[in-house]
Amino acid sequence: MNPSPNTPPIGTVYIVGAGPGDRKLITLRGVECLQRADVVIYDLLLNDRLLEHCPPHTEKIQAPDPRVQATRQTELNQLLVAHAKAGKIVVRLKGGDPYIFGRGGEEAVALTEAGVPFEVVPGITAAIAASAYAGIPVTHREYASSVAFVTGHSAALRPDSNINWKHLATAVDTLVVYMGVAHLREIVERLITHGRDPQTPVSLVRVGTTPQQQIVQGTLTDIVQKVEAVHLKSPALIVVGEVNRLRQHLRWFDTKPLFGKRILVTRARAQASGFADLLETNGAEVIQFPTIKIQPLERVGVPSPDKYDWVIFTSVNAVEIFYERLRERGKDARAFGASKVCAVGPKTVAALNAIGIQPDFVPSHSRGSAIATEIADVYGKKILLLRAKIATADLPNGLRQKGARVDDIPLYDTVKVASDSDKGRDDIETDLLNGSIDVVTFTSSSTVTNFLEMFPAHEPAALLTDVKVAVIGPETQKTAIGKGIQVDVIAKEASVESLVGAIVAACHNLSR
Ligand code: SAH
């Protein structure tokens with residue numbers, strides 16, 4: 001029978017490895033699949049920010065946990081088949097690599113049996129990624145010429161297990177055991193019983209590649225006791241072998257200046273990625289807790305830029321919103337005509353470059369008021385100033401004092417947001433009060449004010465007693481102090497780079 005004309009063509013399932021935790025350790029192919037997905041069925045991941053690659057229409061479904069009940073895997077397989085048969089592009093997103101202890105093979109078999117086309121996108125498996133971030137190369141010419149990935153799950157330890165512990169114990173130089181923390185004692189005993197040297201070094205690496213990465217090192221003889229002492233829990237890997245000796249020389253991740261620090265970012269989500277990236281690059285765990293969002297002002301009359309001698313932009317937002325307004329009127333960068341363009345800060349310059357404009361003047365400081373002092377030859381000139389609604393009057397006043405005629409046009413407002421954070425407000429409150437957040441960052445006065453309004457039950461000073469407060473500049477500092485907040489860190493220049501630099505320096509001093 002021919003399929004009816006209304007039957008959609010069958011979709012494809014992409015079985016994608018999400019990598020080990022660090023959200024950047026996914027492949028380009030994996031990201032591409034997420035960007036095209038109609039449906040994503042994902043396991044409990046170490047990093048759910050990967051789902052941000054999906055377009056808004058993607059249906060996101062958390063997979064039933066197959067460990068809870070044997071039937072769940074069948075249910076899951078049926079789910080994959082049903083969505084594909086409805087013509088959807090389905091991504092089955094799995095931690096690490098899908099074919100390494102991930103049941104990816106079982107799912108692929110089910111798809112084949114159902115006649116559903118599929119592709120596999122390999123991922124970086126925990127054994128290699130977590131070891132690398134721990135400073136342990138799983139092979140090394142002097143220490144290890146072979147490596148085995150083994151499951152330490154209870155089934156692997158039963159007498160009828162098909163793991164040949166007897167041979168494995170001595171046949172392979174590096175052993176990496178997945179899912180083994182709960183059975184560490186039995187695993188260690190088996191290895192020793194079957195002839196592995198009791199002095200062999202062992203590491204446990206918990207949630208490797210993430211800012212919470214935790215490592216315990218010992219030998220087959222004492223590792224159980226050391227792990228019990230710190231109550232280390234799953235998910236972790238057990239790495240057995242001489243290669244563990246290299247960690248002391250090859251650590252690079254958990255020695256980053258902000259490793260182990262939890263830092264709250266309060267600026268608007270749309271503006272936060274550069275700042276958050278920079279903090280993460282320095283090893284911090286970033287918690288996004290936006291207190292403001294950028295809202296373009298609707299229907300502001302935007303003048304033609306070519307009617308002015310100078311057009312000044314003090315932020316990326318202003319560039320983007322202004323350009324959007326031009327485009328709405330069917331125009332593009334040519335609308336600037338012969339007028340000169342001034343931009344504050346490298347990000348604003350980059351945003352202008354992206355629309356084909358090279359600014360004629362960039363002041364030496366990232367502060368808006370620097371323009372008024374440094375810009376030459378504006379007497380009698382017409383200036384269009386495009387900014388936020390709440391911007392201070394220093395800049396237009398300074399320009400007017402030099403004899404310029406200034407049109408100060410607000411393009412957007414920063415408005416308070418209720419909840420768009422990575423964690424709930426109550427969790428943040430608890431973390432602040434018990435000191436498990438190390439640094440709170442404020443990048444504008446409105447972030448300070450809105451942040452405090454979100455915790456009305458607390459005196460600012462009491463809320464932030466155990467937390468360092470870092471601010472981007474003197475204006476923000478003034479607002480914070482005015483609210484009774486003690487400011488611990490202030491950026492030398494009003495840029496996120498400078499703020500991160502100041503936080504790194506402050507944390508360095510603290511830990512000495
Ligand atoms: N398919 C996955 C493994 C799934 S089994 C992969 O290729 O990595 C789950 C086990 O993997 C956990 O119990 C733990 O032993 C290990 N694991 C996964 N991610 C880890 C990480 N970031 N750090 C340490 N161990 C991890």
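1. Salt bridges, the count. The salt bridges in this structure come to 29. The model is a predicted one. A few of the pairs are taken up below, starting with one that joins distant parts of the chain.

2. D277 and R23. These two side chains form a salt bridge, with N and O 3.1 Å apart. D277 sits in helix α10, residues 269–281, while R23 sits in the loop between β1 (13–17) and α1 (28–36), so the salt bridge ties together parts 254 residues apart in sequence. Is R23 buried or exposed? R23 is buried, at 18% relative accessible area. D277 is partly exposed, at 29%. The cut-off for buried is under 20%, and partly exposed runs from there up to 50%.

3. A network around that pair. D277 and R23 belong to one network of salt bridges that share partners. The network also takes in K24, R49, E52 and E280.

4. K416 and E453. Here the side chains meet in a salt bridge with an N to O distance of 2.5 Å. K416 belongs to strand β17 (405–416) and E453 to helix α16 (445–453), so a strand and a helix are tied together across 37 residues of sequence. Both partners fall in the partly exposed class: K416 has a relative accessible area of 45%, and E453 has 42%.

5. D160 and R158. What is the distance between the closest N and O atoms of D160 and R158? They are 3.8 Å apart, and the pair forms a salt bridge. D160 is exposed, with 62% relative accessibility. R158 is partly exposed, with 47%.

6. The chain as a whole. There are 512 residues, and buried residues make up 49% of them. The secondary structure consists of 19 helices and 20 strands. Along the principal axes, the C-alpha atoms fill a box of roughly 90 × 75 × 50 Å.

7. Domains. Which stretches make up the domains? Domain 1 covers 13–124 and domain 2 covers 128–250. Domain 3 is written in two segments, 262–291 and 417–511. Domain 4 covers 296–413. Between the C-alpha centres of domain 2 and domain 3 the distance is 39 Å.

8. The ligand and its shell. How many residues surround the ligand? There are 18, and the closest are D97, I100, T125, G208 and A236. By type, the shell divides into 13 nonpolar residues, 4 polar and 1 charged. Domain 1 (13–124) and domain 2 (128–250) each give at least three residues to the shell. Helix α4 (126–134) and strand β10 (236–240) each supply at least two.

9. Backbone contacts to the ligand. Three residues in the list of closest neighbours, D97, G208 and A236, can be looked at one by one. For D97, a backbone N or O atom lies 2.8 Å from an oxygen atom of the ligand. For G208, a polar backbone atom is 2.8 Å from a nitrogen atom of the ligand. For A236, a polar backbone atom is 2.7 Å from an oxygen atom of the ligand. How much of the ligand does the protein cover? On its own the ligand has 540 Å² of accessible area, and the protein covers 88% of that.

10. T441. This residue is found in strand β18, residues 439–442. T441 is buried, with a relative accessible area of 1%. What does the side chain of T441 reach? The side chain comes to 2.7 Å from the backbone oxygen of L264.

11. W165. Where is W165 placed? W165 is in helix α6, which spans residues 165–171. With 4% relative accessibility, W165 counts as buried. W165 and V150 are 15 residues apart in sequence. Their C-alpha atoms are 9.9 Å apart in space.

12. To take away. The ligand shell draws on both domain 1 and domain 2, and the protein covers 88% of the accessible area that the ligand has on its own. Elsewhere, the salt bridge of D277 and R23 ties together parts that are 254 residues apart in sequence.

Note on methods. Residues numbered from 1 in each chain as written. Predicted model: local features only at pLDDT ≥ 70, side-chain atom pairs only at ≥ 80, totals over all residues. Heavy atoms only, no water. Near = heavy atom within 4 Å. Polar contact = N/O pair within 3.5 Å; in protein donor to acceptor, adjacent residues only side chain to side chain. Areas by Shrake-Rupley, 256 points an atom, 1.4 Å probe, with all protein chains shown as cover. Helix = DSSP H or I, 4+ residues; strand = E, 2+ residues; numbered from the N terminus. Nonpolar A, V, L, I, M, F, W, Y, C, P; charged D, E, K, R; others polar. Domains from an automatic or database assignment. Salt bridge = Lys/Arg side-chain N within 4 Å of Asp/Glu carboxyl O. Buried < 20%, exposed > 50% of the residue type's maximum accessible area, 1.4 Å probe, protein only.
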